[in-house]
Structures are given as C-alpha cells and as structure tokens.
Amino acid sequence: MIYMKGIPEAPRCGFSALAVRVLNEYGVPISARNILENPELKSGVKAFSNWPTFPQIFIKGEFIGGSDIILNMHQSGELKEKLKDLAAETNTEGTS
C-alpha cells in the first residue's frame, strides 16, 4: 500500500512518482490512496507511522518508509527480497 499525493497513474509530486516507478520495476500490484483527497487520512497515516512526509509505503502491513528508503532498498537489492513473495503471488495468479 502506498499513501501518496495523487494516484499511481497520475502522481502529483516527484517523490510519489519516484516511489511508483521503483515499485513498478517489480511487477507487483500497487494499492494506493490519494492523501490529497482526504486530510483526515493524511493526518491519521502520519500519526500511525510517525513519519512526517509522503509518500509512505507499507509492504505486507509493515511500514517501510518513503521514496528515498524505497530507492535505497532497490539499489541494495533489499527491496527485491522484500517483494519476492508478492511478485510470486502475482505471477501464479496469471497462470492458474
């Protein structure tokens, strides 16, 4: 889940666009919520994660961080490991 400015098909800030581009590299489904449409959602997510900026990325319910964290994880190979189960699920759904 990515809480972002805009939607994956039309991000409304460069950081959200970067996060979507990185996640798209893995072919995993992206669930997203546009925090610009709902100020209460925005403040609630900030309070829950204790992270001040957006986008905020959660993988399997775990808060990961923002676009800078996702980019660093992508570059180190850590993101591939974190997403491998999701990518496998997506690949098997198409073949069943």
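What share of the 96 residues of the protein chain counts as buried? I opened the notebook with this point and found that 34% of them do. I note at the outset that the model is a predicted one.

**Entry 1. Overall layout**

I listed the secondary structure and found 4 helices and 6 strands in the protein chain. Read from the N terminus, I recorded the order of elements as β-β-β-α-β-α-β-β-α-α. I then turned to contacts between residues at least 6 apart in sequence, and noted that 53% of these join residues at least 24 apart.

**Entry 2. Aromatic pairs**

I looked up the aromatic rings next. A pair of such rings is described by the distance of the centres and the angle of the planes. I counted 4 aromatic pairs. For Tyr3 and Phe58 I read a centre distance of 5.7 Å and an angle of 85° between the planes; planes over 60 degrees apart count as edge-to-face, so this pair is edge-to-face. Tyr3 belongs to strand 1 (residues 2-4) and Phe58 to strand 5 (residues 56-59), so I entered the pair as a link between distant parts of the chain, 55 residues apart. Under 20% relative accessible area is the limit for buried, and Tyr3 has 16%, so I entered Tyr3 as buried. Phe58 has 10% relative accessibility and is likewise buried.

I checked a further pair, that of Trp51 and Phe63, which is edge-to-face with 5.5 Å from centre to centre and 65° between the planes. I located Trp51 in the loop between helix 2 (39-49) and strand 5, and Phe63 in strand 6 (residues 62-65). The two residues are 12 apart, and their pair also links distant parts of the chain. I recorded Trp51 as partly exposed, at 25% relative accessibility. Phe63, at 23%, is partly exposed too.

Finally, I noted that Tyr3, Phe48, Trp51, Phe58 and Phe63 form one aromatic cluster.

**Entry 3. Helix 2**

Which residues of helix 2 are buried? I found Leu41, Val45 and Ser49. They cover an arc of only 50° around the axis, and therefore lie on the same side of helix 2. I traced their packing to strand 1, strand 4 (32-34), strand 5 and strand 6. On the face turned away from the buried side, I listed the exposed residues Pro39, Glu40 and Ala47.

I also examined the ends of this helix. Asn38 caps the N-terminal end of helix 2, with a side-chain oxygen 3.0 Å from the backbone nitrogen of Glu40. After helix 2 comes Asn50, for which I noted a positive phi, near 60°.

**Entry 4. Ser67**

Is Ser67 buried or exposed? I read 6% relative accessibility for Ser67, which therefore counts as buried. I placed Ser67 in helix 3 (residues 67-76). With neighbours within four places in sequence left aside, I found Ser67 in contact with Phe15, Leu18, Ala19, Pro55 and Ile57.

**Entry 5. The largest pocket**

I recorded about 200 Å³ of space in the largest pocket. Its lining consists of 13 residues, and I noted Met1, Pro29, Ile30, Phe58 and Leu86 as those nearest the centre. Strand 5 and helix 4 (78-95) each supply at least two lining residues. Strand 5 gives the most, with 3 residues. I add a cross-reference to Entry 2: Phe58, listed here in the pocket lining, also belongs to the aromatic cluster.

Methods
Residues are numbered from 1 along each chain as its sequence is written. This is a predicted model: local features need pLDDT of at least 70, side-chain atom pairs count only at pLDDT 80 or more; totals for chains, interfaces and linings use all residues. Side-chain values use heavy atoms; hydrogens and water are left out. Rings of Phe, Tyr and Trp (its six-membered ring) pair if their centres lie within 6.5 Å; planes under 30 degrees apart count as stacked, over 60 as edge-to-face and the rest as tilted. Buried means under 20% relative accessible area, exposed over 50%, partly exposed in between (1.4 Å probe, protein chains only). Contact means heavy atoms within 4.5 Å. The arc is that of the directions from the helix axis to the C-beta atoms. A polar contact is a pair of N or O atoms within 3.5 Å; within protein, one must be able to donate a hydrogen and the other to accept it, and residues adjacent in sequence count only if both atoms are side-chain atoms. On a 1 Å grid over the protein atoms alone, a cavity is a set of points where a 1.4 Å probe fits but cannot get out, and a pocket is an open set with protein on both sides within 12 Å along at least five of seven lines; lining residues have an atom within 4 Å of a point. Grid points are joined across faces, edges and corners, and a volume is the space filled by probe spheres set on the points.
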